[in-house]
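Ready for some practice at reading a protein model? Work through each exercise with the structure open, and try it yourself before you look at the solution.

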Amino acid sequence: IKRQLRQDGFRNIVTINLPTVNAGIPTCVRLLAATVDRVCGEAGVDKVDLVGHSMGGLVVQSYLAGAVEEAGDHSADNVHAAVAIGAPFAGTVLAFLGLGPASRQMRPESSYLKQFAAAWKKANRTPRGKKAETFVAAASKTTVLVSSFDNLVVPYENAFLEGARSEEFAYLCHGAMR
């Protein structure tokens with residue numbers, strides 16, 4: 001993804017590798033939050049664009065929705081736009097084959113995915129007393145890319161995210177969506 005973004009003219013790109021083996025999604029969200037805070041401070045900017053593939057897309061949207069309290073409640077304010085590529089927002093049955101906390105958290109109906117869904121719903125509800133034009137919902141900043149041939153997000157419909165702009169592709173397996 002980094003190489004393609006550079007070819008497309010993006011110059012200020014920061015990447016992080018998520019500690020997926022022994023860490024769960026909340027740990028990854030906290031790592032992302034710290035990175036966003038650091039990058040905003042070092043670059044002197046208020047907002048960043050975020051791109052995440054697979055579990056990384058779930059981490060990005062968890063951050064944007066404020067699904068992990070310790071990551072801060074200002075996360076949506078720091079994001080201009082977010083793209084999630086082949087992310088298992090409603091889980092994937094293949095996570096039952098994986099080991100470690102992140103795999104357990106990406107199983108359909110897991111407690112983490114229920115927590116994420118509740119946070120996402122809350123992040124997209126206009127708070128009382130705020131005018132619609134002053135409130136920017138998390139979904140309005142989000143684009144999800146979904147492939148009907150995704151061989152890891154099973155069923156592939158679990159990669160759609162309510163309220164977010166969706167682009168659906170065919171004939172791209174999970175790895176080819178990077």
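**Exercise 1: Who touches Gln-105?**

Leaving aside neighbours within four places in sequence, find the residues in contact with Gln-105.

*Solution.* Keep in mind that you're looking at a predicted model.
- Step 1: Find Gln-105 in helix 4.
- Step 2: Skip its neighbours within four places in sequence; Gln-105 is then in contact with Gly-24, Ile-25, Pro-26, Ser-110, Tyr-112 and Leu-113.

**Exercise 2: Buried or exposed?**

Decide whether Gln-105 is buried or exposed.

*Solution.*
- Step 1: Look up the relative accessible area of Gln-105, which is 18%.
- Step 2: Compare that with the cut-off: buried means under 20%.
- Step 3: Gln-105 has 18%, so it counts as buried.
- Step 4: For the wider picture, buried residues make up 42% of the 178 residues in the protein chain.

**Exercise 3: Helix 3 and its surroundings**

Work out how many residues of helix 3 are buried, and what they pack against.

*Solution.*
- Step 1: Go to residues 55-65, which form helix 3.
- Step 2: Check them off: Met-55, Gly-56, Gly-57, Leu-58, Val-59, Val-60, Gln-61, Ser-62, Tyr-63, Leu-64 and Ala-65 are the buried ones.
- Step 3: That's 11 of the 11 residues, so helix 3 is largely enclosed by the rest of the structure.
- Step 4: Now see what surrounds them. The buried residues of helix 3 pack against three helices and three strands by name: helix 2 (25-43), helix 4 (101-105), helix 5 (111-123), strand 1 (48-53), strand 2 (79-85) and strand 3.
- Step 5: Step just past the end of helix 3 and you'll meet Gly-66, with a positive phi near 70°.

**Exercise 4: The whole chain**

Describe the order of the elements, then test whether the radius of gyration agrees with that of a compact globule.

*Solution.*
- Step 1: Count five helices and four strands in the protein chain.
- Step 2: Read from the N terminus on: α-α-β-α-β-α-α-β-β.
- Step 3: A compact globule with 178 residues would have a radius of gyration near 16 Å; the protein chain has 16 Å, so the two agree.
- Step 4: Along its principal axes, the C-alpha trace spans about 40 × 40 × 30 Å.

**Exercise 5: How confident is the prediction?**

Find which elements have the lowest and the highest mean pLDDT.

*Solution.*
- Step 1: Start with the protein chain, which averages a pLDDT of 90, with 92% of the residues scoring at least 70.
- Step 2: Go element by element: helix 1 (residues 2-7) has the lowest mean, 87, and strand 3 (residues 142-147) the highest, 96.
- Step 3: Where pLDDT is low, the predicted coordinates should not be read in detail.

Terms used:
Residues are numbered from 1 along each chain as its sequence is written. This is a predicted model: local features need pLDDT of at least 70, side-chain atom pairs count only at pLDDT 80 or more; totals for chains, interfaces and linings use all residues. Side-chain values use heavy atoms; hydrogens and water are left out. Helices (H or I, at least four residues) and strands (E, at least two) are DSSP runs, numbered from the N terminus. The radius of gyration is taken over C-alpha atoms; the globule rule is 2.2 Å times the number of residues to the power 0.38. Buried means under 20% relative accessible area, exposed over 50%, partly exposed in between (1.4 Å probe, protein chains only). pLDDT is the predictor's confidence in each residue, from 0 to 100. Contact means heavy atoms within 4.5 Å.
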